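Q: Please take a close look at a single residue in this model. I would like to see where it sits and what surrounds it.

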Amino acid sequence: VIIDVEQLLPTARGYAPERALSASSWDYGAVPAAICGAALLHFSEANSTIFAGTTTDLYNFAASAVNDVSSGTYAAGVGPSTPWRFASFGNVALAAHGSNVLQAKSAPDTATAFVAVSGGPKAATICVQSNFVMLGETTESSWSYGDGYWCSALGDHTNWTPDPATQC
């Protein structure tokens, strides 16, 4: 019987320690605007970083600072009811929003900005599973179903061209 446990993660093979930020790493300062979506992402290099989005910018929280990692101006429409969604894919941080093309950045590097994934769709939700990136509730004009989904190529978050050979 387990009666007093912290940071325990149930897995298919038993239990594993839940990765978390240390208590000393929570003092980052203020974000200059209201946050519309945030996530604590875990990466394959065993590090964790907080990412957040406002109506106009994307931020990551590292080295006791809030870093603006925006790639420029994002399309209007971000707000509390339509937030940014974040996911990790290997050592890449992904940000999705229905009015903006999928954004990606190298997660361990706190200085580089998110960039639009060339050929990536616009979608309101994101999920990473089994080495695929899935985007749902798409608003991409090349997709005829507004409530459809896109799936990346196996192991490649930058390939969104449908092809049975890549399982995209």
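The close look that follows is about Lys105.

A: This is a predicted model, so a few ground rules come first: local features need pLDDT of at least 70, side-chain atom pairs count only at pLDDT 80 or more, and totals for chains, interfaces and linings use all residues. Residues are numbered from 1 along each chain as its sequence is written, and side-chain values use heavy atoms, with hydrogens and water left out.

Start with the chain. The protein chain has zero helices and 13 strands. Both are DSSP runs, numbered from the N terminus: helices are H or I with at least four residues, strands are E with at least two. Of the 168 residues of the protein chain, 39% count as buried. Buried means under 20% relative accessible area, exposed over 50%, and partly exposed in between (1.4 Å probe, protein chains only).

Now the residue. Lys105 lies in strand E9, which covers residues 100–106. Lys105 is buried, because its relative accessible area is 3%. A polar atom of its side chain lies 3.3 Å from the backbone oxygen of Thr112. Thr112 is also in contact with Lys105, leaving aside neighbours within four places in sequence. Contact means heavy atoms within 4.5 Å. On those terms, the contacts of Lys105 also include Phe51, Val69, Val92, Ala93 and Phe114.

Next, the sheet around Lys105. Four strands form an open sheet in the order E7-E8-E9-E10, with antiparallel pairing. Two strands pair if DSSP finds at least two bridges between them. The edge strands are E7 (85–89) and E10 (115–116), and each pairs on one side only. Strands of a sheet pair through backbone hydrogen bonds, either parallel or antiparallel. Strand E8 (residues 92–97) pairs with E9 in the antiparallel sense over five bridges. Ala95 stands opposite Gln103 in E9.

Several contacts of Lys105 lead into a nonpolar core. Such a core is a set of buried Ala, Val, Leu, Ile, Met, Phe, Trp, Tyr and Cys residues joined through side-chain atoms within 4.5 Å. The largest one has 15 residues, and Phe51, Ala93 and Phe114 are among those with the most contacts inside it. Strand E3 (38–42) and E8 are the elements that give two or more residues to this core. Apart from it lies another core, of 14 residues, among them Val92, Ala96, Ala123 and Trp160.

Ala93 links these pieces. Leaving aside its neighbours within four places in sequence, Ala93 is in contact with residues including Leu41, Phe51, Gln103, Lys105 and Phe114.

E3 deserves a glance too. In a regular strand the side chains alternate between the two faces of the sheet. Along E3, Ala39 and Leu41 point to one face and are buried. Ala38, Leu40 and His42 point to the other face and are not buried. E3 pairs with strand E4 (residues 48–53) in the antiparallel sense over five bridges. The bridge partner of His42 in E4 is Ser48.

One more residue touches E8 and E9. His157 lies in the segment after strand E13 (149–151). His157 counts as buried because its relative accessibility is 14%. Leaving aside neighbours within four places in sequence, its contacts include Val92, Leu94, Leu102 and Ala104.

Terms used: A polar contact is a pair of N or O atoms within 3.5 Å; within protein, one must be able to donate a hydrogen and the other to accept it, and residues adjacent in sequence count only if both atoms are side-chain atoms.
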